[in-house]
Amino acid sequence: MSNNLRLLCVIFLCSFSSLAYQITLTRIFSISLWYHFAFMIISIAMLGIGASGTILSLNLKLRNPSYISIYSLLLGISISLSYLLSNLIPFDPVRLSWSRIELFYIGLYYITLSIPFFFAGLIIATAFSSLSEKSGLLYGADLIGAGMGSMGILYLMTVIGPDIAVFILSFIALIAAFIMGEQRLRAASLVLIIVNILLIIFYPDFINIRMSPYKGLPLALRYPGAEHLKTYFSPFSKIDTFKSPAVRFAPGLSLKYLDMLPEQIGLTIDGSEINAITSAADQKSLAFLHFLPSALPYEIRNPPSPPLRAMAFRKGGVGGLDDVLILDPKGGLQCLVAEYYGFLNIYKIESNPLLIKVIKKDFNEFSGSIYAQNTWQGLGRSWLRSDFKRFDIIDISLMGTTPAGSFGIAEDYRFTVEGFKEYLHHLKDEGLLSINLFILPPPRIELRLMTTLISSMEELGIKDIQKHFVALRSWGSIGILIKKNPFTQNEIEAVKKFSKSRRFDLIYCPGIKEEETNIYIRIPSNEYFTAFKNILNPETRLGYIHEYIFDISPVRDDYPFFHYYLKLKNIKAIYTIMGEKWQYFIEEGFILPVVFIQVLFLSLILVLLPAFSKKHENNIPNPPLPPLRAMAFSKGGMGGFDDKGKSFLPYFAFLGIGFMFVEISLIQKIILPLENPSYAVAAVLTSILISSGIGSLLSHRVSGLRNPVTALVITFLIILYSIFLPAVSDIISPYSIVNKIPLVFFILMPLGLLMGIPFPTGLKILGEINKSLIPWAWAINGCFSVLAPILTIMLAMTLGFTIVLWLGAFAYLMAFVTLRRFVRN
């Protein structure tokens with residue numbers, strides 16, 4: 001095997017392992033902390049890559065190509081070692097509200113986990129520095145390896161957990177060291193592979209993922225008599241089943257119900273989202289379902305005695321013929337409610353395929369076979385697009401076993417204007433949309449639900465919206481009913497009877513008076529009635545939304561941050577109303593600017609350090625200019641040669657920002673058609689990286705592709721994607737996931753193909769000007785790529801992902817302008 005071929009193999013394997021490790025860390029963060037901290041991983045990776053360029057700029061000796069085998073060995077060691085060390089760092093976001101040392105731990109996370117990416121960066125930057133004339137080939141191997149890694153790791157995590165996957169990825173990097181190294185290095189690689197295997201076999205507890213003690217699962221297992229049953233893994237989630245006194249799942253249960261609940265098995269998703277599977281064995285024990293606030297739509301639709309209807313249903317007799325759709329039933333409580341009221345046609349759409357598998361396999365009989373029939377996996381609104389069926393009830397629950405807020409930086413496409421329009425469109429004329437959620441004061445979740453629902457109804461042309469809403473409150477939950485047609489007087493009376501018989505308080509129904517509210521579970525200000533009345537009144541709605549302390553304005557698919565309620569102008573008032581605790585601000589996403597400031601500080605150091613170094617003057621004469629460039633230079637068409645190319649370095653900053661703005665925004669926009677964030681990450685990364693790698697390889701062969709106009713074409717192509725991608729997403733949404741992933745791959749391929757060309761083009765030009773600047777260019781590109789993912793989310797929260805895509809297009813436009821100054825056709 002020739003040296004060049006061996007080098008390409010090493011770059012491929014190291015890129016494969018480092019990108020796969022990056023995705024594995026997102027799963028590890030989801031389990032050990034929360035999913036919403038996984039965004040940090042991209043910045044951590046790029047920080048390590050950027051640091052590698054800075055170090056190579058400061059130390060010319062480290063650019064020796066013979067060191068690549070050593071860097072590969074260190075990459076293999078650091079993948080497993082950084083994971084083990086990070087597992088020992090006691091960072092916990094919950095403690096941020098009272099312990100400032102947690103900010104230090106965040107920085108420690110960044111340094112520890114960036115080490116493998118630092119060595120991966122050294123490998124690639126050293127190769128670029130030595131063979132800049134072959135940058136197209138090198139960059140192609142890098143990107144294709146990374147693209148294969150993003151897909152390969154998902155397959156790997158179907159059979160093993162992310163903790164063991166880390167050590168498999170370490171093997172792959174060590175194999176690269178074995179390919180490239182001399183005899184002693186090969187021996188060291190084999191020894192380290194054996195050590196990794198021994199750790200997996202004999203010390204599995206040592207490599208287990210450390211979970212925050214404040215997550216739901218550890219808290220539930222602390223109760224006396226609690227028992228962990230089993231753990232299940234998929235590439236997208238970790239499900240644990242357990243028994244615990246903490247599992248008492250009957251949200252908002254009427255205080256008039258005094259009997260015992262049936263047996264329930266707890267389950268958690270990634271250790272935090274607790275739900276429960278309820279035993280359906282004893283029909284009498286299910287009487288509590290009649291006393292849940294979430295039973296209201298079924299009571300209105302089928303008023304006869306629930307036990308009699310349920311008995312008829314169980315015996316195969318005639319029950320209700322109404323069609324019910326339950327979105328994300330999780331442990332299946334609402335499925336049991338629908339069955340209890342005698343509904344026959346119950347459709348279930350669950351977004352977590354592993355959960356369906358777990359319940360069908362191990363708890364089918366216990367749960368009453370809730371997922372045995374009419375069950376689909378995916379995002380409910382996407383499934384609805386593929387089905388013309390209409391429903392009498394669409395049931396959505398926002399509740400687990402305990403009240404919990406959601407992180408403001410989490411996207412949620414279920415509760416956008418476009419999402420609610422889909423639900424309302426699939427209701428029958430007399431159909432009901434039912435939404436139930438825990439009370440988390442001060443009011444904000446329910447109010448944003450109201451404003452978003454109202455916007456969707458107005459866009460559908462529904463008039464007199466205040467006649468289409470009903471809301472009630474128990475001691476711990478709120479139920480909201482929306483009817484496509486106005487509620488009839490009989491239905492309003494049924495709602496009042498339901499509330500009174502169970503001691504639930506009405507919040508709103510058409511024609512309600514204030515004295516009819518806040519009767520049984522009294523609150524001092526009756527703020528829910530006031531809020532709902534003002535929001536439903538078109539004359540007071542906009543003023544109320546504007547003046548309210550939290551941001552409760554409607555959310556849309558372009559900025560789907562339903563759980564982000566922070567108004568910056570009201571920070572002081574919000575701090576007071578939230579009990580003068582910072583935990584709320586952390587949940588709202590204020591961790592983003594904190595991390596951004598830390599990363600900005602580190603990035604500035606890494607970018608500016610080489611500027612103070614005197615080692616950029618190339619001791620080896622620059623190679624003769626190719627005829628085209630020599631001609632351009634003689635005609636004054638090349639800038640930046642006298643200062644040895646330093647004025648060309650911003651080009652790599654623009655590429656770093658542009659590439660990441662586009663990549664992160666596309667991932668967000670593809671979540672909706674693929675119905676799962678992990679699918680979207682894998683599909684977009686695979687498509688963009690592999691196609692960019694192919695584009696890079698083509699640019700090595702076809703010199704015409706290295707024209708500055710390529711960056712300009714990318715600019716216009718990004719704008720076209722921002723305009724047409726939503727429509728394309730709607731078209732592909734009805735297809736199965738097996739078909740959608742290849743479709744996404746080929747849809748994004750034209751853009752990815754071109755995005756792989758500007759970077760190696762720039763490196764080739766820089767190599768002709770001053771090879772010693774290549775590591776600095778690598779550092780600048782990496783550091784701006786560190787900032788871009790965090791900046792993407794921060795900008796999208798206020799401007800939307802479409803604007804971020806346009807900013808990415810602008811970055812490529814600036815790259816075109818910069819490159820044009822150096823090469824004129």
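## Two packed helices

Helix 16 (residues 445–459) packs against helix 18 (residues 527–536) at an angle of about 15 degrees. Their axes are 10 Å apart. Angles under 35 degrees count as roughly parallel, so helix 16 is roughly parallel to helix 18. The crossing of the two helices is right-handed. This is a predicted model.

Which residues make the contact? From helix 16 come Glu446, Leu447, Met450, Thr451 and Ile454. From helix 18 come Tyr528, Ala531, Phe532, Ile535 and Leu536. Sorted by class, the contact of helix 16 with helix 18 has 8 nonpolar residues, 1 polar and 1 charged.

## The sheet as a whole

Now to the strands. The model has an open sheet of 4 strands. Their order is 1-2-3-4, and the pairing is antiparallel. Which strands form the edges? They are strand 1 and strand 4 (273–278), and each pairs on one side only. Neighbouring strands of this sheet are turned against each other by 25 degrees on average, with direction ignored.

## From strand 1 to strand 2

Strand 1 (residues 227–233) and strand 2 run antiparallel, joined by 6 bridges. A hairpin of 4 residues links strand 1 to strand 2. Two pairs can be picked out here. Lys230 stands opposite Thr241 in strand 2. Thr231 has Asp240 of strand 2 as its bridge partner.

Is strand 2 mostly covered or mostly open? Strand 2 (residues 238–243) is mostly covered, with 5 of its 6 residues buried.

## Onward to strands 3 and 4

Strand 2 also pairs with strand 3 (residues 264–269). The two run antiparallel, and 4 bridges join them. Asp240 stands opposite Thr268 in strand 3. Asp240 is also the bridge partner of Thr231.

How many bridges hold the pairing of strand 3 with strand 4? There are 6, again in the antiparallel sense. Thr268 stands opposite Ile274 in strand 4. A row can thus be followed across the sheet. Thr231 pairs with Asp240, Asp240 stands opposite Thr268, and Thr268 stands opposite Ile274.

## A buried loop residue

Asn570 is found in the loop between helix 19 (541–547) and helix 20 (571–577). Is Asn570 buried or exposed? Its relative accessibility is 16%. Buried means under 20%, so Asn570 counts as buried.

What does Asn570 touch? Leaving out residues up to four places away in sequence, Asn570 touches Tyr548 and Ile549.

## An exposed helix residue

Phe104 lies in helix 4 (residues 101–130). The relative accessible area of Phe104 is 52%. Exposed means over 50%, so Phe104 is exposed.

Phe104 also has a partner from far along the chain to consider. Phe104 and Gln598 are 494 residues apart along the chain. Their C-alpha atoms are separated by 10.0 Å.

Key
Residues are numbered from 1 along each chain as its sequence is written. This is a predicted model: local features need pLDDT of at least 70, side-chain atom pairs count only at pLDDT 80 or more; totals for chains, interfaces and linings use all residues. Side-chain values use heavy atoms; hydrogens and water are left out. Buried means under 20% relative accessible area, exposed over 50%, partly exposed in between (1.4 Å probe, protein chains only). Two strands pair if DSSP finds at least two bridges between them. Axes are lines fitted to C-alpha atoms, for helices over the stretch in contact, and angles run from 0 to 180 degrees between N-to-C directions. Angles under 35 degrees count as roughly parallel, over 145 as roughly antiparallel, 65 to 115 as roughly perpendicular and the rest as oblique. A crossing is left-handed if the near helix is turned anticlockwise from the far one by less than a right angle, and right-handed if clockwise. Contact means heavy atoms within 4.5 Å. Ala, Val, Leu, Ile, Met, Phe, Trp, Tyr, Cys and Pro count as nonpolar, Asp, Glu, Lys and Arg as charged, and the others, Gly among them, as polar.
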